[in-house]
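Got the model open in your viewer? Switch to cartoon, keep side chains ready to toggle, and follow along one selection at a time.

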Amino acid sequence: MGAQAIERPLPKIPDDLREETFSVTAVARFQIAADGTATVELARPTPNPRLNRLLLDTLKNWRFFPAMKDGKPVASVQEIRIQFEVK
């Protein structure tokens with residue numbers, strides 16, 4: 001069984017970034033330890049460096065139930081697509 005995100009806060013986009021309409025997708029790569037802690041990097045960032053910083057700061061707060069193998073928690077890697085849309 002793969003790791004499952006149990007806390008998934010998303011960044012609050014500041015008003016000045018909401019002034020323009022946009023739709024972007026980032027791909028986050030989580031290195032998840034057997035204890036459920038994780039480190040994260042953007043495997044595919046958005047075109048906006050500020051949005052990327054906000055996203056990484058928030059993704060560091062995600063928590064996971066670790067992947068399981070033979071009934072024991074194991075380390076794993078998981079990529080998650082995150083979509084932002086401002087209309």
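Start by selecting Gln-31 and Val-77: Val-77, in β7, is the bridge partner of Gln-31. Before going on, keep in mind that this is a predicted model.

Now widen the selection to the two strands around that pair. β2 and β7 are joined by 11 bridges and run antiparallel. If you want to see what holds such partners together, turn on backbone hydrogen bonds, since strands of a sheet pair through these.

Next, add β3. How many bridges join β2 to β3? There are 6, and here too the strands run antiparallel. For a landmark on this side, pick Ile-32, which stands opposite Ala-38 in β3.

From there, step into the turn. The hairpin of β2 and β3 has 5 residues between the strands, and one of the residues to click on is Gly-36, with a positive phi near 90°.

Zoom out to take in the sheet. Reading across, the order is β3-β2-β7, an open sheet of 3 strands with antiparallel pairing. Which strands sit at the edges? Select 38-44 for β3 and 76-86 for β7: each of these pairs on one side only. Turn the view so that you look along the sheet and you can follow the twist, which averages 30° from one strand to the next.

Bring in the helix now by selecting residues 49-59. That is α1, and it lies across β2, β3 and β7. Compare its direction with β3: the helix runs at about 155° to that strand.

Time for charged side chains. The structure holds 3 salt bridges, and two of them meet at Arg-29, so show that residue as sticks along with Glu-41 and Glu-79.

- Arg-29 to Glu-41: the side chains meet at 3.0 Å, N to O. Arg-29 is in strand β2 and Glu-41 in strand β3, so this contact ties together parts 12 residues apart in sequence.
- Arg-29 to Glu-79: the closest N and O atoms are 2.7 Å apart. With Glu-79 in strand β7, the pair ties together parts that are 50 residues apart in sequence.

Because they share partners, these salt bridges join Arg-29, Glu-41 and Glu-79 into one network. Color the three by accessibility if your viewer allows: Arg-29 is partly exposed at 26%, Glu-41 is partly exposed at 39%, and Glu-79 is partly exposed at 47%.

Return to the helix for another salt bridge. Select Asp-16 and Arg-50, whose side chains meet at 2.5 Å, N to O. What does this pair link? Distant parts of the chain: Asp-16 is in the loop between β1 and β2, while Arg-50 is in helix α1, 34 residues away. Both count as partly exposed, Asp-16 at 42% relative accessibility and Arg-50 at 31%.

For the last stop, switch to a surface view and select Met-1, Ile-6 and Phe-65. Together they form a nonpolar patch on the surface, with about 340 Å² of accessible area. To find Met-1 in the cartoon, look in the segment before β1, the strand at 4-7. Is Met-1 buried or exposed? With a relative accessible area of 60%, Met-1 is exposed.

Technical notes:
Residues are numbered from 1 along each chain as its sequence is written. This is a predicted model: local features need pLDDT of at least 70, side-chain atom pairs count only at pLDDT 80 or more; totals for chains, interfaces and linings use all residues. Side-chain values use heavy atoms; hydrogens and water are left out. Patches are made of residues with over 30% relative accessible area and no salt bridge: like charges are joined within 9 Å, nonpolar side chains (Val, Leu, Ile, Met, Phe, Trp, Tyr) within 5 Å. Accessible areas come from the Shrake-Rupley method with a 1.4 Å probe; for residues, only the protein chains shown count as cover. A salt bridge is a side-chain nitrogen of Lys or Arg within 4 Å of a carboxyl oxygen of Asp or Glu. Helices (H or I, at least four residues) and strands (E, at least two) are DSSP runs, numbered from the N terminus. Buried means under 20% relative accessible area, exposed over 50%, partly exposed in between (1.4 Å probe, protein chains only). Two strands pair if DSSP finds at least two bridges between them. Axes are lines fitted to C-alpha atoms, for helices over the stretch in contact, and angles run from 0 to 180 degrees between N-to-C directions. Contact means heavy atoms within 4.5 Å.
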